[in-house]
Structure formats: structure tokens, C-alpha cells
Amino acid sequence: MLFIDFYLIITILLPLTIHSVDQNDDHYQDIYFEVVEPSDINYTFRCRPSKQLSTNFNQFYENVYLIPAKPLRGCSRLQNDFELNRNIALIERGDCSFVTKIEFAQESGALGVMIMDNDSTAHAYFVQMIDDMTKRKVLIPAMFLQYKDGHMILNSIEKNHVMGARINIPLNLTYHQMLKVPRAPGSNWL
């Protein structure tokens, strides 16, 4: 009987302990941003900052643009660096390291990078962006965006024939405020 009680306590408390460590660790705190335009995606989105690679946002950016990189995978010099300068680059995961993608965006003058997943089956997971051990220096914030959210934004940009989505980032939301913000349909948070 004592063994069953101990097992029950461990089964209930261990996941809560692991979860609470993740929530309180600054490396695991999600970042929220809102899309102001295009209006068809006027939602608040969640992304996860890189645990190993990047710096944090040192200020709030209002009315900056989230602009798809050209090429979208960001594995070579970006062809739209004029648009990316002083904005956030939207880059798709795949074909090269996260550091390479961030470095090309950094060279274009981007304020930060959002790397969206390329796996349409990974609905509720964030990929941990890891260092490629090339010792290149990342100076801008890098965040990971889930497939559904990233492609919703990308599709809206293309459908509306605009350069990018106008956003405010990062949002400083309390738990109470998070319950009230308009979230994208199907978003996996809260």
C-alpha cells in the first residue's frame, strides 16, 4: 500500500515539477506578437526564442514588418535585404543550419528572425534551435514559429499582395490578458 501511495504522489507531482521548471526558466518563456495587418490575420501569435543561439529583445518594436525572406529557406544571401533592413525576417526551416539562416538575415540588417517549421504534421511542438558549432556570432533575436501559424501568416501576405505582415513584438501579456487576446484559429496555447 505504501508503494502505491508513493507511486501515486510521484506520478502526480513529477510532471508538475518538470512543467514548472520550464515555465520559470527564462530560456523557455514564449514570446507573443500581434499582427496588425493584414487584417484577416489580426491575431496574437506565440513563438519560442532560441535557447542557445540568439539574444533577447532589448526593446518593444511597434509597427515593424515580418517579411518573408527570399529565398524563403534563407540558406544563401537574401535577395530582399532592402525590405528586411530594420524589420523581422520570416524564414522556413530546412536545408541549412539555424545559424546560417540567422546570419544571412543579420547581414541584411534584420532586427530579428522567425523561423517557421516546415513540418505540417508537428502541430503542437517547438523545435529547439541548436548551434551548428561553427562559432559564428549571432547578434539578433531568433524565434521558432509553429508550422500552422507561420504558414497562415505567409499565405495571408501572399494573398493580400503585401510586402509583409505589420506586427508588434514582444507583447508583455499577463496571464489574464492572454485569455482575452484574439488567437489564431487552432493555436495551441492556453
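His161 counts as exposed, because its relative accessibility is 73% and the threshold for that class is over 50%. In this predicted model, the residue sits in the loop between helix H4 and strand E7 (165-171), and it takes a positive phi of about 55 degrees although it is not a glycine. Such a value deserves a second look, since most residues other than glycine have a negative phi, and most peptide bonds are trans.

The positive phi of His161 comes just after H4, and that helix can be checked against its expected length. H4 covers residues 147-159, and at 1.5 Å a residue its 13 residues should span 18 Å, which agrees with the 18 Å that separates its end C-alpha atoms. The buried residues of H4 are Asp149, Gly150, His151, Met152, Ile153, Leu154, Ser156 and Ile157. In reading such a list it helps to recall that an α-helix has 3.6 residues a turn, so residues three or four places apart point the same way.

A positive phi is also found at Asn63, where the angle is near 60 degrees in a residue that is again not glycine. Asn63, however, has its place in strand E3, and at 35% relative accessibility it counts as partly exposed, whereas His161, at 73%, counts as exposed.

The backbone has further features to inspect, and these concern peptide bonds. The bond from Glu37 to Pro38 is cis, with omega near 0 degrees, and Pro38 is found in the loop between strand E1 (31-37) and E2. The bond from Lys70 to Pro71 is likewise cis, with omega near 5 degrees, and Pro71 lies in the loop between E3 and H2.

The loop that holds Pro71, between E3 and H2, leads on to the disulfide, of which the structure holds one. This bond joins Cys75 to Cys96, with a distance of 2.1 Å from S to S, and because the torsion about the S-S bond is about -90 degrees, the disulfide is left-handed. Cys75 lies in the loop between strand E3 (61-68) and helix H2 (81-84), while Cys96 lies in the loop between strand E4 (88-92) and helix H3 (98-107), so the pair ties together parts that are 21 residues apart in sequence. Both cysteines fall in the intermediate class of accessibility: Cys75 counts as partly exposed at 27%, and Cys96 counts as partly exposed at 24%. Cys47, by contrast, counts as buried, with a relative accessibility of 0%.

Strand E2 (residues 44-49) contains Arg48, a residue whose name alone might not suggest its setting. Is Arg48 buried or exposed? At 19% relative accessibility it counts as buried, because the cut-off for that class is under 20%. The side chain of Arg48 is joined to that of Asp30 by a polar contact of 2.6 Å.

Aromatic rings supply another set of contacts, and the count comes to three aromatic pairs. In one of them, Tyr43 and Phe45 have ring centres 6.3 Å apart and planes at 80 degrees, so the pair is edge-to-face. The partners differ in their surroundings, for Tyr43 is partly exposed, with a relative accessible area of 21%, whereas Phe45 is buried, with a relative accessible area of 0%. Phe57 and Tyr61 form another edge-to-face pair, with 5.9 Å from centre to centre and 65 degrees between the planes. Here Phe57 counts as buried at 15% relative accessibility, and Tyr61 is buried as well, with a relative accessible area of 14%. Ring pairs also link Phe33, Tyr43 and Phe45 into a cluster.

These details can now be placed in the chain as a whole. The protein chain has five helices and seven strands, and from the N terminus on its elements run α-β-β-β-α-β-α-β-β-α-β-α. Of its 190 residues, 43% count as buried, and the accessible surface comes to about 10800 Å², of which 55% belongs to carbon and sulfur atoms. Among contacts between residues at least 6 apart in sequence, 69% join residues at least 24 apart.

Methods. Residues numbered from 1 in each chain as written. Predicted model: local features only at pLDDT ≥ 70, side-chain atom pairs only at ≥ 80, totals over all residues. Heavy atoms only, no water. Helix = DSSP H or I, 4+ residues; strand = E, 2+ residues; numbered from the N terminus. Buried < 20%, exposed > 50% of the residue type's maximum accessible area, 1.4 Å probe, protein only. Polar contact = N/O pair within 3.5 Å; in protein donor to acceptor, adjacent residues only side chain to side chain. Contact = heavy atoms within 4.5 Å. Areas by Shrake-Rupley, 256 points an atom, 1.4 Å probe, with all protein chains shown as cover. Phe/Tyr/Trp six-rings, centres within 6.5 Å; stacked < 30°, edge-to-face > 60°. Disulfide = S-S within 2.5 Å. Expected span 1.5 Å × (residues − 1).
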